[in-house]
Amino acid sequence: MPLIFDLHHASLLVANTARSLAFYRDLLGLSVDPARPELGFPGAWLQVGRCQIHLLELPNPDPVAGRPAHGGRDRHVALMVADLDPLLARLAAAGVPSTMSRSGRRALFCRDPDGNALEFIESR
């Protein structure tokens with residue numbers, strides 16, 4: 001077995017947990033893991049298959065402005081989806097801009113309310 005064999009979670013800094021939950025839970029449909037302990041700051045753990053995204057409501061030391069328009073040219077979290085079309089429709093209906101991957105594969109990029117880039121890769 002390799003030394004590192006799986007990903008447990010990725011953490012994203014957010015300015016407002018409630019606003020981020022409206023995006024990740026309500027728009028994208030991720031479920032909240034209620035097992036998150038009291039850590040001394042607001043946040044949420046979101047289930048993504050057997051992995052998680054941890055939202056950390058903390059001051060963000062990184063600039064939000066001036067980031068590349070296409071999230072594929074910025075640090076990002078990549079998530080698998082069965083079909084991009086329903087996601088594209090949800091994002092468009094919510095007014096969330098997205099761009100298609102330039103790699104030739106069926107994938108899209110968008111940003112959350114805090115400017116964190118997300119990639120969604122279709123795997124049918």
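Let's start with the core. In this predicted model, the largest nonpolar core has 23 residues. Five of them have the most contacts inside that core: Tyr 24, Leu 28, Leu 55, Leu 118 and Phe 120.

Who builds it? Several elements supply at least two residues each. The helices on that list are α1, residues 17-27, and α2, residues 84-93. The strands are β1 (9-14), β3 (43-48), β4 (51-57), β5 (76-81), β7 (107-111) and β8 (117-122). Which element gives the largest share? That is α1, with 4 residues.

Now take Leu 28. Set aside its neighbours within four places in sequence. Leu 28 is then in contact with Phe 23, Leu 87, Arg 90, Leu 91, Leu 118 and Phe 120. Two of those partners, Leu 118 and Phe 120, are also among the residues with the most contacts inside the core.

On to the sheet. It is open, with 4 strands. The order runs β5-β8-β7-β6, and the pairing is mixed. Which strands sit at the edges? β5 and β6, the latter being residues 98-100. Each of these pairs on one side only. From one strand to the next, the twist averages 25°.

Look at the β6 end. β6 pairs with β7 in the antiparallel sense, over 3 bridges. Here Ser 98 stands opposite Cys 110 in β7.

Last, the helix on this sheet. α2 packs on it and touches β5, β6, β7 and β8. The direction of α2 makes about 25° with that of β7. And α2 brings us back to the start: it supplies at least two residues of the core.

Note on methods:
Residues are numbered from 1 along each chain as its sequence is written. This is a predicted model: local features need pLDDT of at least 70, side-chain atom pairs count only at pLDDT 80 or more; totals for chains, interfaces and linings use all residues. Side-chain values use heavy atoms; hydrogens and water are left out. A nonpolar core is a set of buried Ala, Val, Leu, Ile, Met, Phe, Trp, Tyr and Cys residues joined through side-chain atoms within 4.5 Å. Buried means under 20% relative accessible area, exposed over 50%, partly exposed in between (1.4 Å probe, protein chains only). Contact means heavy atoms within 4.5 Å. Two strands pair if DSSP finds at least two bridges between them. Axes are lines fitted to C-alpha atoms, for helices over the stretch in contact, and angles run from 0 to 180 degrees between N-to-C directions.
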